[in-house]
Amino acid sequence: MTAEMTGEQEQAIRQQQMASFGCLLADFSHEMRNHLAVIQEANGLLEDILAMEVTKGNSVPALLEETAAQIGQRVRRSADLCRCLSGMAHRSDTPRSSFQVNDLLAELVVFLERSARSGQVALQLEPGQGIAPIYNEPALVQHVLYQLYAFSLELLSNGQTLIISTAISTAQTKGGVAISFRLGGVAELDLVELSATVSAAVASLGAQLEGSGRTGEGAADSSGFRLLVPSLPVA
């Protein structure tokens, strides 16, 4: 947080940050329950298969193979969720540190997939290449990205697309990263509708938020914005 920020603003950001984390944990718990339910069901099926008297003509090996593959898939997905949760929790170990924005985004998107899927919105992540680590507040960056995602999701509806991409910074944020949100199917948006607390968090990062032009296929029916996050001087 910057020295210019008032105590009230800092408290508002922290409260919103905790609310963001709570929403992500809620989605995490739903995802884990789903995976564990499938694993439990598949395990019960395995037990039923093994308990059956094997008779000629029954394709027991094929059933076992299919069920085992399903269990393996869910276990890997659960392990990936736990890995990302652990990574996200450790983002706040130190207020400021050097980190890869692509890694942070990949970690976050794992938890956004469920809410996007619930809204029938196609969520795509397009990480840019050759982006160097930046020095800033990773936990606060993650919080701001979640708020921008939630803002975007409010504007999107069934069948529309949200593409989050990264690129090496422009001259405005030399040494930083540009994170773009492109909303397919939304012709216009107004960043003024973002809450003052999100704007204060963006300012605290030394970042800028700006609208982006319509580019790419279907550009006439799309809109977007960019978050320009600088790499701060190492104290």
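In this predicted model, strands β2 and β4 run parallel to each other and are joined by 5 bridges. Within this pair, Q124 stands opposite I163, a residue of β4. On the next step across the sheet, β4 and β5 pair in the antiparallel sense, with 8 bridges between them, and here A167 has A178 in β5 as its bridge partner. A further antiparallel pair is made by β6 and β7, the latter covering residues 222–229, with 5 bridges joining the two; in this pair E210 is matched with R226 in β7. As a general point, the strands of a sheet pair through backbone hydrogen bonds, and they may do so in either a parallel or an antiparallel way.

The three pairs described above can be set side by side.

| Strand pair | Sense | Bridges | Partner residues |
|---|---|---|---|
| β2 and β4 | parallel | 5 bridges | Q124 and I163 |
| β4 and β5 | antiparallel | 8 bridges | A167 and A178 |
| β6 and β7 | antiparallel | 5 bridges | E210 and R226 |

Taken as a whole, the sheet is open and consists of 5 strands in the order β2-β4-β5-β7-β6, with mixed pairing. The edge positions belong to β2 (122–126) and β6 (208–212), and because each of these has a single partner strand, one side of each is left without a neighbour in the sheet. On average, and with direction ignored, neighbouring strands of this sheet are turned by 15 degrees against each other.

Helix α3, made of residues 101–118, lies across three of these strands, namely β2, β4 (161–168) and β5 (177–184), and it runs at about 175 degrees to β2. The loop between α3 and β2 holds Q120, a residue that is not a glycine and yet has a positive phi of about 55 degrees.

Elsewhere, two helices pack against each other: α1 and α5, the second of which spans residues 196–204, have axes 9 Å apart and meet at an angle of about 105 degrees. Since angles of 65 to 115 degrees count as roughly perpendicular, α1 and α5 are therefore described as roughly perpendicular to each other. On the α1 side the contact involves Q9, A12, I13 and Q16, which meet T197, V198, A200 and A201 in α5. The residues of this contact divide into 5 nonpolar and 3 polar, with no charged residue.

Helix α1 also takes part in the largest pocket, where α1 gives the most to the lining, with 6 residues. At least two lining residues come from each of α1 (7–51), α2 (60–90) and α4 (138–155). The space in this largest pocket amounts to about 360 Å³, and its lining is formed by 19 residues, of which Q17, F21, S92, A139 and L140 lie nearest the centre. In terms of residue character, the lining of the largest pocket divides into 10 nonpolar, 6 polar and 3 charged residues.

Methods: Residues are numbered from 1 along each chain as its sequence is written. This is a predicted model: local features need pLDDT of at least 70, side-chain atom pairs count only at pLDDT 80 or more; totals for chains, interfaces and linings use all residues. Side-chain values use heavy atoms; hydrogens and water are left out. On a 1 Å grid over the protein atoms alone, a cavity is a set of points where a 1.4 Å probe fits but cannot get out, and a pocket is an open set with protein on both sides within 12 Å along at least five of seven lines; lining residues have an atom within 4 Å of a point. Grid points are joined across faces, edges and corners, and a volume is the space filled by probe spheres set on the points. Helices (H or I, at least four residues) and strands (E, at least two) are DSSP runs, numbered from the N terminus. Ala, Val, Leu, Ile, Met, Phe, Trp, Tyr, Cys and Pro count as nonpolar, Asp, Glu, Lys and Arg as charged, and the others, Gly among them, as polar. Two strands pair if DSSP finds at least two bridges between them. Axes are lines fitted to C-alpha atoms, for helices over the stretch in contact, and angles run from 0 to 180 degrees between N-to-C directions. Contact means heavy atoms within 4.5 Å. Angles under 35 degrees count as roughly parallel, over 145 as roughly antiparallel, 65 to 115 as roughly perpendicular and the rest as oblique.
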